Amino acid sequence: MIVESYEDVIILSGVLRSNFWETIHTAIALTLKRHPTGVIMDCSGITECTVEGADTFVDVMHFIEEQDARIIVAAVPEHVLEVLKRVPEVRSQLPISPSVEDARKSIDL
C-alpha cells in the first residue's frame with residue numbers, strides 16, 4: 001500500500017489486503033492539521049482489496065469522528081466497492097463520492 005498526501009487529499013494505491021490504519025494514521029492526522037473540516041481519500045489506485053483491508057476504513061471513520069471532522073472516500077473502483085459493502089459498519093456509514101472534485105464540493109458545504 002502506498003499512501004500519498006497533498007492538500008486535503010490522501011491518495012491510496014496498491015494492494016489493501018490487511019488493516020493499514022497505522023500507515024494511514026499519520027497522513028490523516030497531518031492533513032487534518034491543514035484542513036480541520038475534513039479529508040478526502042482518493043481510492044482510485046487501489047488494485048486489490050480484501051475484507052481485512054476494508055477494516056482499515058472502520059478505524060479511519062472512528063478516528064475522524066473523534067476529531068469532529070469529516071471524511072469522504074472518492075473514486076472507489078467497483079471491485080473495491082463490492083468488498084466495502086461486505087463490511088457492515090463501512091457499508092452503512094462511509095461517505096463515498098464518485099470523484100475527488102465531487103468530494104471536495106461536499107466537504108466545503
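Q: What is the bridge partner of Glu4 in β2?
A: In this predicted model, Glu4 of the first strand has Ile11 as its bridge partner in β2.

Q: What makes β1 and β2 count as paired strands?
A: Two strands pair if at least two bridges are found between them, and 5 bridges join β1, residues 2–6, to β2. The condition is therefore met, and the two strands run antiparallel. They form a hairpin with 2 residues between them, and in the turn Glu7 has a positive phi of about 45°.

Q: Why is Ser13 called buried?
A: Ser13, which lies in strand β2, has a relative accessible area of 17%. Buried means under 20%, so Ser13 is counted as buried. Leaving out residues up to four places away in sequence, Ser13 touches Met1, Ile2, Glu4, Gly45 and Ile46.

Q: How do you know that Asp8 and Arg104 form a salt bridge?
A: The rule asks for a side-chain nitrogen of Lys or Arg within 4 Å of a carboxyl oxygen of Asp or Glu, and the closest N and O atoms of Asp8 and Arg104 are 2.7 Å apart. Because Asp8 lies in the loop between β1 and β2 while Arg104 lies in helix α5, residues 100–108, the pair ties together parts that are 96 residues apart in sequence.

Q: Are the two partners, Asp8 and Arg104, buried or partly exposed?
A: Asp8 has 9% relative accessibility and so counts as buried, whereas Arg104, with a relative accessible area of 24%, is partly exposed. The limit for buried is under 20%.

Q: How many salt bridges are there by this rule?
A: The count comes to 3. One of them joins the side chains of Arg17 and Glu48, at 3.0 Å from N to O; Arg17 is in the loop between β2 and α1, Glu48 is in strand β3, and the two are 31 residues apart. Another is formed by Glu82 with Lys85, where the closest N and O atoms are 3.7 Å apart, a value that is still within 4 Å and therefore satisfies the rule.

Q: Why do Glu82 and Lys85 count as partly exposed?
A: Glu82 has 38% relative accessibility and Lys85 has 40%. Buried means under 20% and exposed means over 50%, so values in between are called partly exposed.

Q: What makes Glu89 partly exposed, and which residue meets its side chain in a polar contact?
A: Glu89, in helix α4, residues 88–93, has 26% relative accessibility and therefore counts as partly exposed. Its side chain makes a polar contact with the side chain of His62 at 2.7 Å, which fits the limit of 3.5 Å for such pairs. Leaving aside neighbours within four places in sequence, Glu89 is in contact with Val58, Met61, His62 and Leu94.

Q: Which residues of the largest nonpolar core touch the most other members?
A: Among its 32 residues, these are Ile28, Met41 and Phe57. The elements β2, α1, β3, α2, β4 and α3 each supply at least two residues of this core, and α2 gives the most, with 7 residues.

Q: Which residues does Ile28 touch, not counting those up to four places away in sequence?
A: Ile28 touches Ile10, Trp21, Val39, Met41, Val60, Phe63 and Ile64. There is also a second, separate core of 8 residues, including Val9, Ile72, Val100 and Ala103.

Conventions:
Residues are numbered from 1 along each chain as its sequence is written. This is a predicted model: local features need pLDDT of at least 70, side-chain atom pairs count only at pLDDT 80 or more; totals for chains, interfaces and linings use all residues. Side-chain values use heavy atoms; hydrogens and water are left out. Helices (H or I, at least four residues) and strands (E, at least two) are DSSP runs, numbered from the N terminus. Buried means under 20% relative accessible area, exposed over 50%, partly exposed in between (1.4 Å probe, protein chains only). Contact means heavy atoms within 4.5 Å. A polar contact is a pair of N or O atoms within 3.5 Å; within protein, one must be able to donate a hydrogen and the other to accept it, and residues adjacent in sequence count only if both atoms are side-chain atoms. A nonpolar core is a set of buried Ala, Val, Leu, Ile, Met, Phe, Trp, Tyr and Cys residues joined through side-chain atoms within 4.5 Å.
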